[in-house]
Amino acid sequence: MKINSVRYFMKEAGRNVFSNGWMSIASMFTVVASLLVFGIFMVLTLNVNHMVTKQEKDYEITLTVDENCTPEETEQLGKTLAEVPNVSEVIFESKDVRMEYLREKFGEEAALLDAYQGEENPLRDWYKIRCVDLNQSEETVEKIKEIGGVARVISNGETINKLTTVSSYISQASIWIMLALTIISVFIIANTIKLAVFSRRKEINIMKYVGATDWFIRWPFIIEGMIIGLLGAIVSGMLIALSYEGIIGVFTTLKIAFMDFIPLKDIMVYISSLFLFMGIVLGALGSLIAVRKHLKV
């Protein structure tokens, strides 16, 4: 393709965008709406997956040791736990160590715990256990409960299962919603290009008579659609970034334990590249459909 031809295509595409002002704006905002909805589901999916991965990485089964166990029995319990199938690591924390952790959390008010030192310590020794395969964590918990000397087992496996289920539903919904929005966007963009083709039908007819190829006629309209899609992608990306930053600020203030969001700069790497690609593809596809059907004048 010659440089002069490219300049001509770009010039004609730009002129078409402005000459079809309101329809071009309508098409652009259709792309914006489509990408915004998809972006919301994408951001949800990425963050839920991120939270699930973090929860899985930090997942521990915690069990308290029976207060009647001797130090020797407590030590033997640790060895027994290490032999349980699917257990990768066993970490022991005495009640004295746990009290020190508690004092650190109390900070300046740690003096309130002075009365609970030594023999007056109401806490119990416990073990923290990490699993090899989290899918087998429930079976592992049941086996641990059968071991003598275990007073109580604490597991948050249900939370991880719920997060995983939500992540799966959001991913599936994103696919179907985006397919529907893609069809709508392509349809509206195609209608915009149809107007441009119709308004220039005499000019196109003359160009064909003097020997212009179909692709020479198509390219300005395809580039027009790509410009509309690109502008829509930029606007929707900016809106997603602003909204995401605000939402992170709100949840950070609430300080919910498992709410750990992907940083804005990292999420925008996914969003910006995908939006630009999808916007250009949506615009080009809509143009191709319109020109293919209405080129014969």
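Reader: Why is Arg130 called partly exposed?
Author: Its relative accessibility is 25%. Buried means under 20% relative accessible area and exposed over 50%, with partly exposed in between (1.4 Å probe, protein chains only), so Arg130 belongs to the partly exposed class. Bear in mind that this is a predicted model: local features need pLDDT of at least 70, side-chain atom pairs count only at pLDDT 80 or more, and totals for chains, interfaces and linings use all residues. Residues are numbered from 1 along each chain as its sequence is written, and side-chain values use heavy atoms, leaving out hydrogens and water.

Reader: What makes the meeting of Glu60 and Arg130 a salt bridge?
Author: The N to O distance between their side chains is 2.9 Å, and a salt bridge needs a side-chain nitrogen of Lys or Arg within 4 Å of a carboxyl oxygen of Asp or Glu. Glu60 sits in the loop between H2 and E1 and Arg130 in strand E3, so this pair ties together parts 70 residues apart in sequence. Glu60 and Arg130 also share a salt-bridge network with Glu89.

Reader: How do you know that Glu142 and Lys145 form one too?
Author: Their closest N and O atoms are 3.9 Å apart, and that satisfies the cut-off. They are separated by about one helical turn, because they stand three residues apart in helix H5 (residues 137-145). Glu142, at 45%, counts as partly exposed, and so does Lys145, at 48%.

Reader: Is Glu93 buried or exposed?
Author: Glu93 is buried, since its relative accessibility is 9%. Glu93 lies in strand E2 (residues 87-93; strands are DSSP runs of at least two residues, helices of at least four).

Reader: What joins the side chains of Glu93 and Lys128?
Author: A salt bridge of 3.4 Å, N to O, joins them. The pair links distant parts of the chain, with Glu93 in strand E2 and Lys128 in strand E3, 35 residues apart. The pair also makes a polar contact of 3.4 Å, which passes as a pair of N or O atoms within 3.5 Å, one able to donate a hydrogen and the other to accept it (residues adjacent in sequence count only if both are side-chain atoms). Glu93 has another polar contact, of 2.8 Å, with the side chain of Trp126.

Reader: Which strand residue is the bridge partner of Lys128?
Author: That is Thr62. Strand E1 (residues 61-65) pairs with E3 (residues 126-131) in the antiparallel sense over four bridges, and pairing calls for at least two bridges found by DSSP.
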